[in-house]
Amino acid sequence: METAFTRLAGIRYPIIQAPMAGVSTPAMAAAVSNAGGLGSLGVGAAGAAGARAMIRETRGATEGPFHINLFCHRPAVADPAREAAWLRRLEPLFAGYGAAPPVALQEIYTSFLVDDAMQAVLLEERPAVVSFHFGLPQPERVAALKAAGIVLMSSATSLAEGRAGQAAGMDAVIAQGWEAGGHRGVFDPALPDERLACLELTRILARELEVPVVAAGGIMTGGNIAAALAAGGAAAQLGTAFVGCPESAADEGYRAALLGAAAGQTTMTPAISGRPARCLANRFTGWAETVVAGDVPDYPIAYDAGKALNAAARARGEFGYGAQWAGQGAARARSLPAGDMLAVLETELRAALRGA
Ligand SMILES: Cc1cc2nc3c(=O)[nH]c(=O)nc-3n(C[C@H](O)[C@H](O)[C@H](O)COP(=O)(O)O)c2cc1C
């Protein structure tokens with residue numbers, strides 16, 4: 001079970017519960033870390049004070065290492081005309097639930113690139129592992145975090161992004177495949193997307209990079225983790241597999257969709273937040289099929305509208321407008337307490353490695 005990544009992070013098993021903004025919780029991360037994996041918190045939308053509170057709560061529930069994740073997207077560029085047109089387009093959807101769209105849209109959270117308070121929290125709290133999604137922080141930030149003894153990782157959806165992460169000083173690179181649930185980590189969503197599957201990308205990055213590679217995307221079982229290790233991965237990061245855990249912050253509609261027939265179809269859409277993300281096909285993604293990226297306000301300005309629409313629909317009992325992020329393995333999701341999930345994954349991984 002020992003790999004370059006387990007040594008780096010100081011964990012027993014090469015299994016990471018993915019950071020999931022809005023879904024992962026201190027209870028989930030602590031349960032996974034207590035069970036020998038790497039528990040994670042997605043604090044990209046939480047702000048510095050929120051991140052500090054989550055880190056402290058997690059620390060109160062585990063002595064093990066855990067992982068904090070931040071968003072390094074280009075700060076949002078407001079475009080009032082595009083935002084107004086988008087709100088007009090959404091108006092009939094709001095009206096269907098007896099509501100009106102917001103008058104204007106806000107950038108509902110800031111990029112880590114411009115969040116000095118978040119950097120200060122990281123340096124004070126010193127979580128064992130920090131990772132970056134959508135891009136890389138400035139060299140001064142990387143240097144300060146490394147000097148504080150924090151292990152750093154970045155997401156990559158291509159060899160170029162993996163090389164950029166390694167060159168920036170990352171200690172490990174996460175190979176995020178096209179199957180993965182949640183936001184696609186592409187650095188620049190305006191560029192063509194190579195859409196490499198998790199195992200193929202893991203093979204490429206493991207061959208070309210010197211740092212350990214973490215496989216992510218569609219990994220749901222210990223057998224899948226064994227395949228990721230066989231492809232050259234030093235660990236696997238699983239998100240969708242943990243969404244149905246009782247410790248998750250997913251709402252009842254999201255859980256029911258994930259554990260029901262809706263899990264059979266996922267789709268990649270920029271319409272919910274302004275960046276491409278994979279979620280369960282639902283009412284909103286069905287409506288958004290004709291939407292092209294250029295129609296949607298910048299990330300995360302569009303997410304302000306997406307969240308408002310979801311709130312309006314939920315108030316009338318309709319959960320089909322939620323950001324129900326899920327990977328292509330969703331139909332194989334299981335609902336187990338996070339610590340039990342880790343134990344099951346470990347048992348399955350051992351069996352797969354023995355060739356059982
Ligand atoms: C609900 C959900 C939320 C996510 N939020 C984040 C996040 O905040 N930061 C991040 O780096 N990745 C996030 N991801 C992506 C995961 O890090 C990982 O790439 C993905 O879950 C792997 O694919 P899988 O869901 O098929 O296991 C999220 C994924 C899901 C399912």
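A pocket, in the sense used here, is an open set of grid points with protein on both sides within 12 Å along at least five of seven lines, and its lining residues are those with an atom within 4 Å of a point. With that in hand, we can look at the second largest pocket in this structure, which is a predicted model. Its lining is made up of 28 residues. Lying nearest the centre of the second largest pocket are Pro 189, Ala 190, Gly 274, Pro 276 and Ala 293. The space inside comes to about 660 Å³.

What sort of residues make up that lining? Sorted by class, there are 17 nonpolar, seven charged and four polar residues around the second largest pocket. As for where the second largest pocket sits, domain 1 (1–75 + 111–248 + 333–356) and domain 2 (78–108 + 260–331) both contribute residues to the lining, so the pocket lies between them.

Next come the helices. Two packed helices are described by the angle between their axes and by how far apart those axes are. Start with helix α2 (residues 26–34) and helix α3 (residues 47–61), which pack at about 40° with their axes 9 Å apart. Angles under 35 degrees count as roughly parallel, and the α2–α3 angle makes α2 oblique to α3. The crossing of α2 past α3 is right-handed.

Helix α3 also packs against α5, this time at an angle of about 20° and with 8 Å between the axes. That makes α3 roughly parallel to α5. Here too, α3 passes α5 in a right-handed crossing.

Moving along, helix α5 (residues 116–125) has another packing partner in helix α6 (residues 139–147). For α5 and α6 the angle is about 15°, and the axes are 10 Å apart. These two helices are therefore roughly parallel to each other. As α5 passes α6, the crossing is right-handed.

Finally, a couple of backbone details are worth a look, and both turn up in loops. Phe 134 is not a glycine, yet it has a positive phi of about 75°. Where is Phe 134 found? It belongs to the loop between β4 (129–133) and α6, and α6 is the helix that packs with α5. The other detail concerns Tyr 299 and Pro 300, which are joined by a cis peptide bond with an omega of about -5°. Pro 300 is part of the loop that runs between α12 (283–287) and α13 (301–315).

Key
Residues numbered from 1 in each chain as written. Predicted model: local features only at pLDDT ≥ 70, side-chain atom pairs only at ≥ 80, totals over all residues. Heavy atoms only, no water. 1 Å grid on protein atoms, 1.4 Å probe; cavity = no way out; pocket = protein on both sides within 12 Å on 5 of 7 lines; lining within 4 Å. Points joined across faces, edges and corners; volume = space filled by probe spheres on them. Nonpolar A, V, L, I, M, F, W, Y, C, P; charged D, E, K, R; others polar. Domains from an automatic or database assignment. Axes fitted to C-alpha atoms, helices over the stretch in contact; angles between N-to-C directions. Helix = DSSP H or I, 4+ residues; strand = E, 2+ residues; numbered from the N terminus. Parallel < 35°, antiparallel > 145°, perpendicular 65-115°, else oblique. Left-handed = near helix turned anticlockwise from the far one by under 90°.
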